[in-house]
Amino acid sequence: MARKARRRNLADFIAFRRLYIANPDLVDRLRMGARLNVPDRATFFGGAAAGYTDYPFLTAAERGAP
């Protein structure tokens, strides 16, 4: 949707907020069309590391790396 909005000149800025929190490799995932981690809102701004540092990156197999 973001790409479509930019191509049609419907947006100057697009924010991914929660998706960036839940997907530390969001740019790669979007480029590859890979699945996205689902954000856990219960862990947002809770003062602990849970939810900010424990979301998984794509594995080498998911990336298609040898």
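**Exercise 1. Which side chain meets R29 in a salt bridge?** Find the partner in this predicted model, then work out how covered the two residues are.

*Solution.* Start at the charged end of R29 and look for a carboxyl oxygen within 4 Å. You land on D25: the two side chains meet in a salt bridge, with N to O at 2.5 Å. Now check the cover. Both R29 and D25 are buried, so each has under 20% relative accessible area.

**Exercise 2. Which salt bridges does D28 form, with R31 and with R63? Give the N and O distances and place the partners.**

*Solution.* Some background before you click around: side chains of opposite charge can pair when their charged atoms come close.

Step one, take R31. Its closest N and O atoms to D28 are 3.9 Å apart, which makes the cut because the limit is 4 Å. R31 and D28 both sit in helix α3, three residues apart, or about one turn of the helix.

Step two, take R63. Here the closest N and O atoms of R63 and D28 are 3.2 Å apart. R63 belongs to helix α4 and D28 to helix α3, so this pair ties together parts that are 35 residues apart in sequence.

Step three, compare the cover. R31 counts as exposed because its relative accessibility is 64%. D28, at 28%, is partly exposed, and R63 is partly exposed at 35%.

**Exercise 3. Which residues are linked in a network of salt bridges?**

*Solution.* Put the pairs from the first two exercises on one sketch: R29 with D25, R31 with D28, and R63 with D28. The network links D25, D28, R29, R31 and R63. For the whole structure, the count of salt bridges is five.

**Exercise 4. Is T43 buried or exposed, and which backbone oxygen lies 2.8 Å from its side chain?**

*Solution.* First, locate T43: it's in the loop between α3 (26-32) and α4 (60-63). Next, the cover: its relative accessibility is 18%, so T43 counts as buried. Last, hunt around the side chain. A polar atom of the T43 side chain lies 2.8 Å from the backbone oxygen of D40.

**Exercise 5. Where does R8 lie, and which residues gather with R8 in a patch of positive charge?**

*Solution.* R8 is in the loop between α1 (2-7) and α2 (17-22). With a relative accessibility of 56%, R8 counts as exposed because the cut-off is over 50%. Look around it on the surface and you'll find R3, K4 and R7, which gather with R8 in a patch of positive charge.

How values were computed:
Residues numbered from 1 in each chain as written. Predicted model: local features only at pLDDT ≥ 70, side-chain atom pairs only at ≥ 80, totals over all residues. Heavy atoms only, no water. Patch = residues over 30% accessible without salt bridge, like charges linked within 9 Å, V, L, I, M, F, W, Y side chains within 5 Å. Areas by Shrake-Rupley, 256 points an atom, 1.4 Å probe, with all protein chains shown as cover. Lys, Arg positive; Asp, Glu negative; His and termini not counted. Charge placed at Lys NZ, Arg CZ, Asp CG, Glu CD. Helix = DSSP H or I, 4+ residues; strand = E, 2+ residues; numbered from the N terminus. Buried < 20%, exposed > 50% of the residue type's maximum accessible area, 1.4 Å probe, protein only. Polar contact = N/O pair within 3.5 Å; in protein donor to acceptor, adjacent residues only side chain to side chain.
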